[in-house]
Amino acid sequence: MNMEYLKIAEEKVPNTQVLVNLISYRTRHLNSGARPMVKKDHGEMDNHDIVLKEIAEGLLTAEMNNEIVSTEKSDLDFDASILI
């Protein structure tokens with residue numbers, strides 16, 4: 001794994017769990033035959049490094065939705081907020 005690309009990717013996607021999922025998701029696409037968005041640095045560059053390079057160059061990003069959806073029912077006899 002290219003540590004330089006990893007360091008840049010960690011700066012672009014600071015949440016480690018999101019970064020791991022993004023790398024895993026895109027690597028599966030590449031393994032299934034998807035075309036990479038960047039050129040290989042060398043012939044033996046594996047798909048994980050390609051994904052890290054895509055993230056480092058800003059071609060692959062992750063977006064998180066932090067909106068909390070509140071579902072309140074007025075017919076309950078207790079505070080429904082504890083269910084969320």
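How many Å² does the accessible surface of the protein chain come to, and what percentage of that surface belongs to carbon and sulfur atoms? The accessible surface comes to about 6,700 Å², and 49% of it belongs to carbon and sulfur atoms. Keep in mind that this is a predicted model.

**View 1. The whole protein chain is built with three helices and zero strands.** Start here to get your bearings. Reading from the N terminus, you will meet the elements in the order α-α-α. The protein chain has 84 residues, and 27% of them are buried. Now think about contacts between residues with a separation of 6 or more: 50% of these join residues 24 or more positions apart.

**View 2. Helix α3 is largely enclosed by the rest of the structure.** This helix covers residues 47–56. Eight of its 10 residues are buried, which means that the rest of the structure largely encloses it. Try finding the buried ones: they are Asp49, Ile50, Val51, Leu52, Lys53, Glu54, Ile55 and Ala56. What lies over them? The cover includes α1, residues 3–12, and α2, residues 16–31. Just past the helix, look for Gly58, which follows α3 and has a positive phi, near 80°.

**View 3. Helices α1 and α3 pack at an angle of about 50°.** Their axes are 8 Å apart. Because of that angle, α1 counts as oblique to α3. The crossing of α1 past α3 is left-handed. Which residues of α1 take part in the contact with α3? They are Tyr5, Leu6, Ile8, Ala9 and Lys12. On the α3 side, their partners are Asp49, Leu52, Lys53, Ile55 and Ala56. Sort the residues of this contact by type and you get seven nonpolar, three charged and no polar ones. You may recognise the α3 names from View 2, where Asp49, Leu52, Lys53, Ile55 and Ala56 are among the buried residues.

**View 4. Thr27 is a residue of helix α2.** Is Thr27 buried or exposed? Its relative accessibility is 6%, and the cut-off for buried is under 20%, so Thr27 counts as buried. To see what surrounds this residue, leave aside its neighbours within four places in sequence. Thr27 is then in contact with Asn47, His48 and Val51. One of these partners, Val51, is itself a buried residue of α3. This view fits with View 2, since α2 is included in what covers the buried residues of α3.

Methods:
Residues numbered from 1 in each chain as written. Predicted model: local features only at pLDDT ≥ 70, side-chain atom pairs only at ≥ 80, totals over all residues. Heavy atoms only, no water. Buried < 20%, exposed > 50% of the residue type's maximum accessible area, 1.4 Å probe, protein only. Helix = DSSP H or I, 4+ residues; strand = E, 2+ residues; numbered from the N terminus. Contact = heavy atoms within 4.5 Å. Axes fitted to C-alpha atoms, helices over the stretch in contact; angles between N-to-C directions. Parallel < 35°, antiparallel > 145°, perpendicular 65-115°, else oblique. Left-handed = near helix turned anticlockwise from the far one by under 90°. Nonpolar A, V, L, I, M, F, W, Y, C, P; charged D, E, K, R; others polar. Areas by Shrake-Rupley, 256 points an atom, 1.4 Å probe, with all protein chains shown as cover.
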